[in-house]
Structures are given as C-alpha cells and as structure tokens.
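User: Can you walk me through this one? I'd like the sheets, the helices and how they pack.

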Amino acid sequence: MTDAHHLRPVGITLTAREHTINGFRATQWHIAELTPERGGDATLWLQLTMTERAAYRFNLSSGNPRLFVRAGFTGGPASAAGITASQDVAAAWMDGEQQVLEAPMPLAIQVWIEAYLARRGEAPVEERKKKRKGAGRARETQP
C-alpha cells in the first residue's frame with residue numbers, strides 16, 4: 001500500500017529517433033508519452049520529499065513545469081529508471097553520467113504537488129547568520 005500524499009505512479013513510454021549530424025548517425029531518446037497513472041512501457045513512482053520542497057516550488061513557478069526521467073547511462077540505450085520533479089535531483093543524475101529526459105508536467109501532477117506543499121508547508125527561506133556582531137566585515141586599518 002502506498003501513501004498517496006508523497007508517492008504517485010507515472011506511466012512512461014520512451015522512443016528513439018535516429019539523426020544524422022555531419023555524417024554521423026546518432027540516436028536521441030525522447031519521452032513519447034507520460035501519464036499521471038500506471039501505463040505505458042514502464043511505470044515509475046514519483047516520490048516527493050521534504051528536502052526538495054524549494055525545488056518543487058521553483059519548478060511549479062516556472063512558466064513550463066517539467067518532470068525529469070533518469071533513463072540509463074549517457075550514450076547507451078534508454079530505459080526509464082527514475083523520475084523526479086526536482087531540477088536539483090535531475091542535475092545530480094546528469095553529473096553522474098546519467099541520461100536525463102524531460103517532459104511537460106501533467107496538470108494532475110502539478111495539482112498533486114501543490115497539495116503536498118500546502119500540507120507540508122513551503123521550504124523555509126535559508127538565511128546565513130553571522131556568528132558574532134560585525135563578523136564578515138572588513139576591518140578598517142589605520143595608515
């Protein structure tokens with residue numbers, strides 16, 4: 001049994017497109033279909049975490065919210081292996097030589113994430129605090 005408050009199935013179908021660029025053949029993978037329910041060639045579980053709330057808000061506030069799919073290692077065949085709504089997590093996957101595909105976030109997923117943020121609260125704004133009064137300021141020196 002899953003907790004519907006932070007976990008949701010997403011159906012995904014990937015397709016390959018062959019391209020010729022400067023005489024070289026290359027395969028580019030794309031998300032052909034992404035649905036906010038089980039289905040497609042694979043079903044991944046989108047899990048929301050408290051530590052990524054700021055990233056979810058940033059994504060939803062953009063003009064074009066996206067979902068990111070980890071699809072195996074760069075240069076290899078694509079296979080849907082993970083999904084996130086956090087650009088920070090997607091960037092970490094790419095740093096690890098993972099192929100990351102993206103697709104527009106379905107409205108049903110946007111509403112679900114908004115409800116999660118409403119229940120759990122927005123991420124607190126992090127401010128750096130000085131250890132002591134005046135710390136971090138340049139000291140004036142006498143010539």
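**Strands and helices**

Analyst: Sure. Strand 4 (residues 66–73) and strand 6 run antiparallel and are joined by six bridges. Keep in mind that this is a predicted model.

User: Which residue stands opposite Gln-98 in strand 6?

Analyst: Phe-73 does.

User: In what order do the strands of that open sheet come?

Analyst: The order is 5-4-6. Three strands make up the open sheet, and the pairing is antiparallel. Strand 5 (82–84) and strand 6 (98–104) are the edge strands, each pairing on one side only. From one strand to the next, the twist averages 25°.

User: What holds strands together in general?

Analyst: Strands of a sheet pair through backbone hydrogen bonds, in parallel or antiparallel fashion.

User: OK, other sheet. What's the strand order there?

Analyst: The order is 2-1-3, again three strands in an open sheet with antiparallel pairing. Strand 2 and strand 3 (42–47) are its edges, and each pairs on one side only. The twist averages 40° from one strand to the next.

User: How many bridges join strand 1 to strand 2?

Analyst: Ten. Strand 1 covers residues 7–21, strand 2 covers residues 24–35, and they run antiparallel. Within this pair, Glu-18 stands opposite Thr-27 in strand 2.

User: And what sits between strand 1 and strand 2?

Analyst: Two residues, giving a hairpin. Asn-22, in the turn, has a positive phi of about 50°.

User: How many bridges join strand 1 to strand 3?

Analyst: Six, and those strands run antiparallel. Gly-11 stands opposite Thr-43 in strand 3.

User: Which helix lies across strand 1 and strand 3?

Analyst: Helix 3. Helix 3 runs at about 135° to strand 1.

User: Switching to helix packing. How do helix 1 and helix 3 cross?

Analyst: Their axes come within 11 Å and cross at roughly 140°. Helix 1 is residues 53–61 and helix 3 is residues 107–120.

User: Why call that oblique?

Analyst: Because the crossing angle makes helix 1 oblique to helix 3; over 145 degrees would count as roughly antiparallel.

User: Left-handed or right-handed?

Analyst: Helix 1 passes helix 3 in a left-handed crossing.

User: Which residues make the contact?

Analyst: Helix 1 supplies Arg-53, Tyr-56, Arg-57 and Leu-60. Helix 3 supplies Gln-110, Ile-113, Glu-114, Tyr-116, Leu-117 and Arg-120.

User: How do the residues of that contact divide into nonpolar, polar and charged?

Analyst: Five are nonpolar, one is polar and four are charged.

User: Last topic, helix 2. What happens at the start?

Analyst: Helix 2 is residues 87–95. At its start, a side-chain oxygen of Ser-86 reaches to within 3.2 Å of the backbone nitrogen of Asp-88.

User: And which residue takes a positive phi just after helix 2?

Analyst: Glu-97 takes one, about 65°.

Technical notes
Residues numbered from 1 in each chain as written. Predicted model: local features only at pLDDT ≥ 70, side-chain atom pairs only at ≥ 80, totals over all residues. Heavy atoms only, no water. Axes fitted to C-alpha atoms, helices over the stretch in contact; angles between N-to-C directions. Helix = DSSP H or I, 4+ residues; strand = E, 2+ residues; numbered from the N terminus. Parallel < 35°, antiparallel > 145°, perpendicular 65-115°, else oblique. Left-handed = near helix turned anticlockwise from the far one by under 90°. Contact = heavy atoms within 4.5 Å. Nonpolar A, V, L, I, M, F, W, Y, C, P; charged D, E, K, R; others polar. Pairing = 2+ DSSP bridges. Polar contact = N/O pair within 3.5 Å; in protein donor to acceptor, adjacent residues only side chain to side chain.
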